[in-house]
Amino acid sequence: MLINTLSALFAYTSFISPIETCTLLLITAYIVYILTPLQQTDDAVPDSLKTKTNTSIYIYIQSAWLGRRSLISTFLPFFAIFNSVLIYADYRADNGTYTIASWLTILVILALPVLWWTVSVWRCSDHTHRLWRSAARFFTVAVYYEYILRLVIGYYYPQIWFNCQQLIIEFGDCV
């Protein structure tokens, strides 16, 4: 996350500088940490609401949405899948097998799961230490920064990753 987009923007454009990026990310981390409440007691989730071990994906999705899972079991799987999909989409775009429209379609497909993940991480983080809670919430905010940067690349700087000679396929994308 942010590796391919920021390195491309740093190398080929003057859209944002590394110092501006570091400043923005540090301010965001600080704001997330300040807005994260202090540790709550274990009584925040009564035993009657805690889910039992179940292997169903639907139970997992529901219990994460309701905040009944641990932070690590909610945060890490989606974080790994999300970054893997972005790396794969960037790899396909770099090799010329994805067009701008298909690359942006991946972002649209991931939009609803990112919303689910954000709400789930926010709710599941209430039962952990403030530092881990803040780190997980910061990374969910960073996903939205990633979306913004990808939209900027897709609309304003498509020549960075895409072959603009394919105008027959995607007329108008590389204007």
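Visitor: Which residue takes a positive phi just after α4?

Guide: Gly 96 does, with a phi of about 85 degrees. Keep in mind that this is a predicted model.

Visitor: How many residues does α4 have, and what span is expected for it?

Guide: Helix α4 has 24 residues. From its first C-alpha to its last it reaches 34 Å, close to the 34 Å expected at 1.5 Å a residue.

Visitor: Which parts do the buried residues of α4 pack against?

Guide: They pack against α1, α3, α5 and α6. The buried residues of α4 include Leu 71, Phe 78, Asn 83 and Leu 86.

Visitor: Why is the contact of Arg 150 and Asp 90 called a salt bridge?

Guide: Their side chains meet at 2.7 Å, N to O. The cut-off is 4 Å, so 2.7 Å qualifies as a salt bridge. Arg 150 lies in helix α6 and Asp 90 in helix α4, so the pair ties together parts that are 60 residues apart in sequence.

Visitor: What makes Arg 150 and Asp 90 count as buried or exposed?

Guide: Compare each value with the cut-off. Arg 150 has a relative accessible area of 2%. Asp 90 has a relative accessibility of 5%. Buried means under 20%, so both Arg 150 and Asp 90 are buried.

Visitor: Which other residue forms a salt bridge with Arg 150?

Guide: Glu 146 does, at 2.5 Å, N to O. That value is within 4 Å, so the pair is a salt bridge. Both residues lie in helix α6, 4 residues apart, about one turn of the helix. Both are buried. Asp 90, Glu 146 and Arg 150 are thus linked in a network of salt bridges.

Visitor: Why is the pair of Asp 126 and Arg 137 a salt bridge?

Guide: Their closest N and O atoms are 3.2 Å apart. The rule asks for within 4 Å, so the pair passes. It links Asp 126, in the loop between α5 and α6, with Arg 137 in helix α6, 11 residues apart. By this rule the count comes to 3 salt bridges.

Visitor: What makes Asp 126 buried, exposed or partly exposed?

Guide: Its relative accessibility is 21%. Buried needs under 20%, and exposed needs over 50%, so Asp 126 counts as partly exposed. Its partner Arg 137 is at 5% and is buried.

Visitor: Why are the rings of Phe 75 and Phe 79 called stacked?

Guide: Their centres are 5.1 Å apart, and the limit for a pair is 6.5 Å. Their planes are at 20 degrees, under the 30 degrees cut-off, so the pair is stacked. Phe 75 and Phe 79 are 4 residues apart in helix α4, about one helical turn. Phe 75 is buried, with a relative accessible area of 11%.

Visitor: What makes Phe 82 and Tyr 147 a stacked pair?

Guide: The distance is 6.4 Å centre to centre, within 6.5 Å. The angle between the planes is 15 degrees, under 30, so the pair counts as stacked. Phe 82 lies in helix α4 and Tyr 147 in helix α6, so this pair ties together parts 65 residues apart in sequence. Phe 82 is buried at 1%, and Tyr 147 is buried at 13%.

Visitor: Which residues do ring pairs link into a cluster?

Guide: Among them are Tyr 60, Phe 75, Phe 82, Trp 116 and Tyr 147. The count comes to 15 aromatic pairs.

Visitor: Where does the charged end of Arg 130 sit?

Guide: It sits over the ring of Tyr 33, 4.2 Å from its centre. The charged end of Arg 123 sits over the ring of Trp 65, 4.9 Å from its centre. The distance limit is 6 Å, so both values fall within it.

Definitions and conventions. Residues numbered from 1 in each chain as written. Predicted model: local features only at pLDDT ≥ 70, side-chain atom pairs only at ≥ 80, totals over all residues. Heavy atoms only, no water. Helix = DSSP H or I, 4+ residues; strand = E, 2+ residues; numbered from the N terminus. Buried < 20%, exposed > 50% of the residue type's maximum accessible area, 1.4 Å probe, protein only. Expected span 1.5 Å × (residues − 1). Contact = heavy atoms within 4.5 Å. Phe/Tyr/Trp six-rings, centres within 6.5 Å; stacked < 30°, edge-to-face > 60°. Lys NZ or Arg CZ within 6 Å of the ring centre and 35° of its normal.
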